[in-house]
Amino acid sequence: MMLRIRNLSASVDGKPILRGLELDVCAGEVHAIMGPNGSGKSTFAQVLAGRDTYHVVADELSFQGRDLRQMPPEIRAREGIFLAFQYPVEIPGVSNLYFLRAAVNAVRAHRGLPELDAVDFMSRARDEAKSLGMDDAMLKRSLNEGFSGGEKKRNEILQMKLLEPRLAILDESDSGLDIDALRIVADGINTMRSVDRAIIVVTHYQRLLNYVVPDRVHVLIGGRIIRSGSKELAMELEEKGYGWLEEQAAAERSEYKPGAKRKRDSAQPQENPQPSRKVS
Amino acid sequence: MVRDPKTIDMLTRDYPYGFVTEIEEDSVPAGLSEDIIRAISSKKNEPDWMLEWRLRAYRQWLTLKEPTWANVHYGPIDYQAIRYYSAPKQRGDGPKSLAEVDPELLRTYERLGIPLAERELLAGVAVDAVFDSVSVATTFRDKLEQLGIYFCSFSEAVQKYPDLVQKYLGSVVPYSDNFFATLNSAVFSDGSFAYIPKGVRCPLELSTYFRINASETGQFERTLIIADEGSYVSYLEGCTAPMRDRNQLHAAVVELVALDDAEIRYATVQNWYPGDNEGRGGIYNFVTKRGKCQGVNSKISWTQVETGSAITWKYPGCILMGDNSTGAFYSVAVTNNYQQADTGTKMIHIGKNTRSTIVSKGISAGHGQNSYRGMVKVLKSAENARNYSQCDSLLIGDKCGAHTFPYLEVKNSTARVEHEASISKIGDDQIFYCQQRGLSAEDAVSTIINGFCKQALQELPMEFAVEARKLLGVSLEGSVG
């Protein structure tokens, strides 16, 4: 199991966002996380990457058998977790190429590999950029500064390709893209599919999933995964919207009793002595 | 905006240059009087004209009041408690070559990373090393002399090139200029002197390395660089001092003169002891630096990376007299912990078609206070003058401050003056983004800062740009985490 999540809750300033999320992801799989606005999709992506804005509690949050909670964000990144940001950050004066090389070399050093020299790196970066329809000038510009929305998204995919992560989390990499750009981004993601890599695609819409076909689809509503299924589930959502599932989720929540142990938990000894769930 | 408290707590810094060299010093008693000035002058065996100049400055200084307009705060300085001259004791007449320099001094410079041994030819830098009040060694002199370039200590220039010194000393910063410059004119002990003859392009970077070692001592160096017609020189100064818990005064004067078609590039990497993280000790760096573009088509640029000192008060400026002359000021000023900086430039446009560029990057962290103060003055005679100023401030944490004080005085309607300013904060989101790509928090901050300073850093000579980047990293180490 590459990623194992049990009863994950996350809150910010006391406001709960994720409430008991459960998910298993194996190497070689592509999972899609879908859900309406405000359901906690981006929070989930940020929590996996180690953003410390959130207060995180879980029974288990492990990546390749190691407890993620013990790892600061840069170690998670070096261990192979990559997050393509929904809103990539601008860093003025730092060239895209310089930043990419620093990132790649930080990851390589962690894996005991020698640094890539500037020339080797340059030619690799150029090739990958070309495959994403980005020209050389974009590599030389300041990181994300003055990039259009579409350029930023492509740049995230470029970074993913160069960093070769074990787990890639793509947070709305499709939003704001026209159809041609969407195809390019989707192709970029598809070339990353491999037996030793897992990909989590976070999206509102089904349209990206026409190009990047998922092995599993999960619906996140109210901070929990309330339904999982095969790729057909995405089609069903496209047709029916999220409303019917939201109602169902609300009904489940009202049945849920604070402090009560869930069935699965009671079957095994609890390792975490702290209350593992924030109740809303 | 960085909110994380652990982040802001980590505001400590190590100052690797804080050691003291155990060496016997020859000094004058503390205090300031005509007798002390006579004593300094006689120790240096100066001609009468030099002594007279010092005494005129001293008498002027007695009538001046310490300026209070700068946006810095410090307790009163007792000028009678300072020792105005301190020099490593010399055996006999002083060293004629590096082999005769006290090995303890050579070791000091080696620890500071300043190679005085000339075998370091590959470095391509000629160094004048000033230790407390005197110059202890100047490298590559023979090579430079073959080209007619004089590069030596100021004291030596007074003896060997009195005509040049008399002609240009005080021609850019007169002895009556301001409180600290006037004090310097009275008591200055040593510094560097460089003269580049007509049409010569100086093949080496000239460099002076200033080191304060003795306690309770002020350092008052004076540097004079003259670039004759059509010549070019690039010059760099570096500064460090031991860690002491009392403040020490450093009041230097630098004068640059560029004649027709000459160019001087002057770079400073200032890393005087900044005080500890509670604000105890550190150097008061009260410096007057000015260049005069005297000739047509002449160019002077100031590039400074200011990371040290408890208080910095300096405004390297250019007087653009010659038609078509160009002045530039590129500055990176960092204040961390309790450091205060009030720094900027003055560009005085007098000649026709004169141009000036100002790029100032201020970084404040901890409780640091950073002020940019810049004056652009276009006189009536300056037809078609152009100025572009850009002042950017970056804040790290929420206890520091950035301030901008631009002064514009334009008396010619053909002038074009542009001023841009910005203030930004290093965001948690920027740091997280870098971390998510595998960079540590410290590397993230140093990457963001280097990006912010890029326009100024790229003006430094290459070998020093690398140094300066490292220095920025060290200065801000732990300010974000």
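Me: How many bridges join strand E3 (residues 30-34) of chain A to strand E12 (residues 216-221) of chain A, and do the two run parallel or antiparallel?

Reply: Strands of a sheet pair through backbone hydrogen bonds, in either a parallel or an antiparallel sense. In this model, which is a predicted one, four bridges join E3 to E12 of chain A, and the two strands run parallel. At the level of residues, A:Ala32 stands opposite A:Val217 in E12(A), and A:Ile33 stands opposite A:His218 in that strand.

Me: Which strand pairs with E3(A) over five bridges?

Reply: That partner is strand E11 (residues 198-203) of chain A, which pairs with E3(A) in the parallel sense. Here A:Ile33 stands opposite A:Val202 in E11(A).

Me: In what order do the six strands of this open sheet in chain A lie?

Reply: The order is E7-E10-E11-E3-E12-E13, and the pairing across the sheet is mixed. Its edges are strand E7 (81-84) and strand E13 (224-229) of chain A, each of which pairs on one side only. Neighbouring strands of the sheet are turned against each other by 20° on average, if direction is ignored.

Me: Which residues of E3(A) are buried on one side, and which on the other?

Reply: In a regular strand the side chains alternate between the two faces of the sheet. In E3(A), A:Val30, A:Ala32 and A:Met34 lie on one side and A:His31 and A:Ile33 on the other, and all are buried, so that both faces are covered. The count for the strand agrees with this, with five of its five residues buried.

Me: How far apart are A:Leu237 and A:Gly35 in sequence, and how far in space?

Reply: They are 202 residues apart in sequence and 9.2 Å apart in space, taken from C-alpha to C-alpha. A:Leu237 belongs to helix H9 (residues 231-240) of chain A, and it counts as buried because its relative accessibility is 5%, where the cut-off is under 20%. Beyond its sequence neighbours up to four places away, A:Leu237 touches A:Met34, A:Val219, A:Tyr242, A:Trp244 and A:Leu245. Of these, A:Met34 is one of the buried residues of E3(A).

Me: Where is A:Ser142 placed, and is A:Ser142 buried or exposed?

Reply: A:Ser142 sits in strand E9 (residues 142-143) of chain A and is buried, with a relative accessible area of 16%. A polar atom of its side chain lies 3.0 Å from the backbone nitrogen of A:Gly93. A:Gly93 also appears among the residues that A:Ser142 touches, which include A:Ile91, A:Pro92, A:Val94 and A:Phe147.

Me: Turning to chain B, which residues have the most contacts inside the largest nonpolar core?

Reply: In soluble globular proteins, nonpolar side chains tend to be buried together. The largest nonpolar core here has 121 residues, and those with the most contacts inside it are B:Ile363 and B:Ile449. Helix H10 (residues 441-457) of chain B gives the largest share of this core, nine residues. B:Ile449 touches B:Ile363 itself, together with B:Leu394, B:Ile396, B:Ile426, B:Leu472 and B:Leu476, when residues up to four places away in sequence are not counted. A second, separate core has 35 residues, among them B:Ala194, B:Ile264, B:Ile300 and B:Tyr372.

Me: What share of the residues in chain B is buried, and how many helices and strands are there?

Reply: Buried residues make up 62% of the 481 residues in chain B, which has eleven helices and 23 strands. Among contacts in chain B with a separation of 6 or more, 83% come from residues 24 or more positions apart.

Me: Why is helix H8 (residues 179-187) of chain B described as largely enclosed?

Reply: Nine of the nine residues of H8(B) are buried, so the helix is largely enclosed by the rest of the structure; the buried residues include B:Phe179, B:Thr182, B:Asn184 and B:Val187. At its N-terminal end B:Asn178 acts as a cap, with a side-chain oxygen 3.0 Å from the backbone nitrogen of B:Phe180.

Me: How many disulfides does the structure hold over all chains?

Reply: A disulfide is a covalent bond between the sulfur atoms of two cysteines. The structure holds zero disulfides over all chains. B:Cys400 is in none, and the nearest cysteine sulfur, that of B:Cys453, is 14 Å away. The sulfur of B:Cys434 is 15 Å from the closest cysteine sulfur, which is in B:Cys453, and this is too far for a bond, given a cut-off of 2.5 Å. B:Cys400 is buried, with a relative accessible area of 13%, and B:Cys434 is buried, with a relative accessible area of 0%.

Notes. Residues are numbered from 1 along each chain as its sequence is written. Chains are lettered from A and ligands numbered from 1 in the order in which they are written. This is a predicted model: local features need pLDDT of at least 70, side-chain atom pairs count only at pLDDT 80 or more; totals for chains, interfaces and linings use all residues. Side-chain values use heavy atoms; hydrogens and water are left out. Buried means under 20% relative accessible area, exposed over 50%, partly exposed in between (1.4 Å probe, protein chains only). A polar contact is a pair of N or O atoms within 3.5 Å; within protein, one must be able to donate a hydrogen and the other to accept it, and residues adjacent in sequence count only if both atoms are side-chain atoms. Contact means heavy atoms within 4.5 Å. Two strands pair if DSSP finds at least two bridges between them. Axes are lines fitted to C-alpha atoms, for helices over the stretch in contact, and angles run from 0 to 180 degrees between N-to-C directions. A nonpolar core is a set of buried Ala, Val, Leu, Ile, Met, Phe, Trp, Tyr and Cys residues joined through side-chain atoms within 4.5 Å.
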